[in-house]
Amino acid sequence: MLEDWSHERLSRIGLRRGADGVEIHIPDDSNIHGMTVGAQIEAGRGLAPAMVFERDDGSLEHWSFAEVDVAATALAARLRELGGGFGDPIGVHTGMRPETGIAHMAICKLGAVAVTLSQLYGPDALAHALNDCGARILLTTEDGWAPHRDSARKAFPELETVLVSETLGAEEDLRAAMSGKPSVPFEPTFGGADDPALLMYTSGSTGMPKGIRHAHRVLASYRPSVNLFYNLSLCDADAVFWSPADWAWVGGLLDMLFPAWLAGRPVATSEARFTADWAYGFMARHKVTHTFLTATAIKRLAETPDPRDEHDLALRVICTGGEALAADTLAWAEDRLGVVCNEFYGLTEVNHLIGNCAALYPRRPGSMGIAYPGHKVLLVDSEGGEVAPGEPGEIVTPADAPTRYLGYLNAPEQEAGLRLGPMMRTRDLAVQDEDGYFWYKGRSDDLIKSSGFRIGPTEIEECLIAHAAVAEAAAIAKPDAERGAVVKAFVRLSRGFEASEELSRALTEHVRGRLAAYKAPREIEYVEEFEMTSSGKVNRKALRLREQALAAK
């Protein structure tokens with residue numbers, strides 16, 4: 001795929017030739033600030049636009065790279081005065097606002113660790129994350145902090161200082177700290193490639209969220225893959241980036257914000273609630289060309305059949321990950337929305353293993369793509385033996401993969417659970433064809449085992465979504481005394497359709513005819529909305545636990 005590329009061309013996207021072929025280049029001095037805002041300042045592009053923030057009233061706030069850097073220096077100096085230093089965890093709970101990007105740059109200047117905290121967290125999840133890592137400083141917003149203000153001393157015993165943007169309380173104002181003048185000249189203390197930079201709390205199948213530690217090297221290791229899934233157009237002169245994905249998570253932060261700044265291109269952002277109509281209007285207003293969207297978000301956009309007839313869109317590239325993209329949704333994105341849509345796959349722990357790049361090789365509808373350059377990916381059985389092409393297996397990668405995490409915080413047993421000999425487990429199932437393309441089959445804990453059959457929920461969901469009546473679907477195992485479990489489907493209907501027994505029979509026959517009789521849902525339940533995870537996926541776990549609880553009564 002890259003055999004004919006020159007050294008210079010490979011280097012532009014973070015690759016180089018090694019003893020075993022093309023490999024990802026991670027310089028020892030890799031630093032998230034140095035690769036993003038710092039690189040733009042050094043290149044003389046300080047006045048270039050870095051960010052535009054659209055407030056709820058429609059007013060706009062523009063930031064250049066130089067303005068971001070000046071604000072980050074002021075904030076870093078204030079954080080140092082407050083006791084923040086190299087390696088210290090500092091909570092970032094500021095949502096999808098300029099404060100978040102500036103806070104990350106300030107924390108880089110301290111050599112501290114940014115603890116990325118979603119404003120979707122309830123009080124228990126926020127308390128768990130802050131207390132687990134022992135953060136003494138929190139950066140937040142008035143909306144994010146108001147529900148916790150009265151109970152903070154009891155809920156967050158380690159917390160000493162809270163800076164609140166546009167505060168209505170007695171806390172120090174974060175915006176004021178960003179615009180302050182250091183009392184003494186500030187000298188940054190940057191970390192290197194292997195120094196901790198990010199602590200990201202992500203939900204597992206059991207228990208409270210676990211802290212995933214990443215070093216500064218993570219952005220350098222992502223550089224080739226983000227160039228590929230943005231279809232080798234990351235650095236387009238007119239590129240404008242946006243994503244509704246939470247900036248506390250990999251999708252919004254490492255797959256969109258940092259890559260845009262890596263390329264020296266602006267990001268548009270807003271705190272508005274995502275709906276298809278709002279998203280189309282926002283993208284049109286800000287001339288968004290590149291976006292990261294979950295498959296669920298794309299499905300919601302696809303409920304507008306011909307969006308370009310209604311909106312003046314500049315959009316040309318969508319990258320998507322985190323959940324499988326149905327072939328019919330990909331077809332809509334390409335044929336009706338008129339964009340390139342590249343799917344990729346990975347985990348927060350070890351990301352960007354597999355994916356697509358339409359500019360380099362053909363996509364196959366429904367496929368995750370092929371292993372990205374610099375990555376080794378295998379499918380294995382339960383004992384770690386490699387399976388044959390066409391056979392389902394668990395996705396694994398070497399434990400020293402370039403995009404690997406540093407480990408979990410305070411959870412060595414969780415870390416050990418991801419090791420399978422010299423390999424790192426993902427607990428995701430896939431099939432690989434003879435040409436090297438991978439086809440997702442679902443999470444191992446989502447696997448439906450019914451009457452001796454092993455059924456992946458993803459193919460059932462994709463099949464249902466291909467029916468005109470279905471906007472979104474989720475398939476789970478419902479406990480059954482006779483079969484162990486049966487397939488139950490939850491369906492959100494498309495506009496113009498109503499739930500009925502006749503429609504349920506039609507959907508069941510649709511799956512039976514296209515897949516197999518044993519994969520057809522034995523029960524269909526219609527929902528108005530799905531509960532979503534904080535990373536924007538349909539929460540299958542909540543549906544599964546509900547059915548288990550009902551069966552136990």
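**Aromatic pairs, helix crossings and a few odd residues**

Phenylalanine 344 is a buried residue, its relative accessible area coming out at 5%. The model discussed here is a predicted one, and this ring is a handy way into it. Phenylalanine 292 also has a relative accessibility of 5%, under the 20% cut-off, so it counts as buried too. The two rings pair up: their centres are 6.1 Å apart and their planes make an angle of 45 degrees, so the arrangement is tilted. In sequence the partners are 52 residues apart, with phenylalanine 292 in strand β14 (residues 290-292) and phenylalanine 344 in strand β16 (residues 340-345), and the pair thus links distant parts of the chain. Both rings belong to one aromatic cluster, made up of Phe229, Tyr230, Phe241, Phe292 and Phe344.

Across the structure there are 12 aromatic pairs. Another one joins phenylalanine 65 and tryptophan 261, this time edge-to-face, with 6.2 Å between the centres and 75 degrees between the planes. Here, too, distant parts of the chain are linked: phenylalanine 65 sits in helix α4 (residues 65-81) and tryptophan 261 in helix α11, 196 residues apart. How buried or exposed are the partners, phenylalanine 65 and tryptophan 261? Phenylalanine 65 has 0% relative accessibility and so counts as buried, and tryptophan 261, likewise at 0%, is buried as well. A ring also turns up in a contact with a charge: arginine 9 lies over the face of tryptophan 5, at 3.8 Å from the ring centre.

Tryptophan 261 leads on to the helix packing. Two packed helices are described by the angle between their axes and the distance between the axes. For helix α5 (residues 98-110) and α11, the axes come within 12 Å and cross at roughly 75 degrees. That angle falls in the 65 to 115 range, so α5 is roughly perpendicular to α11. On the α5 side the contact involves Gly101, His104 and Met105, and these meet Leu253, Leu257, Phe258 and Trp261 in α11. Sorted by class, the α5 contact with α11 has 5 nonpolar residues, 2 polar ones and no charged ones.

Helix α11 (residues 250-262) has a contact with helix α10 (residues 217-229) as well, where the axes come within 10 Å and cross at roughly 85 degrees. The helices α10 and α11 are therefore roughly perpendicular to each other. From α10, the residues Val218, Leu219, Tyr222, Arg223, Val226 and Phe229 meet Val250, Leu254, Asp255, Phe258, Pro259 and Leu262 of α11. This contact of α10 with α11 splits into 10 nonpolar, no polar and 2 charged residues. Phe258 is listed in the contact with α10 and also in the contact with α5. Phe229, for its part, faces α11 from α10 and is one of the members of the aromatic cluster.

A look at the backbone picks out two residues. Most residues other than glycine have a negative phi. Leucine 232, however, is not a glycine and has a positive phi of about 60 degrees. It is placed in the loop between α10 and β12 (241-242). With a relative accessible area of 30%, leucine 232 is partly exposed. Histidine 352 is not a glycine either, and its phi is positive at about 60 degrees. This histidine 352 belongs to the loop between β16 and β17 (354-355). Its relative accessibility is 0%, so histidine 352 counts as buried.

The last stretch is around helix α16 (residues 457-465), where cysteine 463 is found. Cysteine 463 is buried, at 5% relative accessible area. Which residues does cysteine 463 contact, leaving aside neighbours within four places in sequence? They are His510, Val511, Arg514 and Leu515. Cysteine 463 and tyrosine 518 are 55 residues apart in sequence, with 14 Å between their C-alpha atoms. Alanine 466 is in the loop between α16 and β27 (470-480). Its relative accessibility of 19% is under the 20% cut-off, so alanine 466 counts as buried. Not counting residues up to four places away in sequence, alanine 466 touches Asp328, His510 and Arg514. His510 and Arg514 therefore show up in the contacts of cysteine 463 and of alanine 466. From alanine 466 to arginine 546 it is 80 residues in sequence and 26 Å in space, C-alpha to C-alpha.

Technical notes
Residues numbered from 1 in each chain as written. Predicted model: local features only at pLDDT ≥ 70, side-chain atom pairs only at ≥ 80, totals over all residues. Heavy atoms only, no water. Axes fitted to C-alpha atoms, helices over the stretch in contact; angles between N-to-C directions. Helix = DSSP H or I, 4+ residues; strand = E, 2+ residues; numbered from the N terminus. Parallel < 35°, antiparallel > 145°, perpendicular 65-115°, else oblique. Contact = heavy atoms within 4.5 Å. Nonpolar A, V, L, I, M, F, W, Y, C, P; charged D, E, K, R; others polar. Phe/Tyr/Trp six-rings, centres within 6.5 Å; stacked < 30°, edge-to-face > 60°. Buried < 20%, exposed > 50% of the residue type's maximum accessible area, 1.4 Å probe, protein only. Lys NZ or Arg CZ within 6 Å of the ring centre and 35° of its normal.
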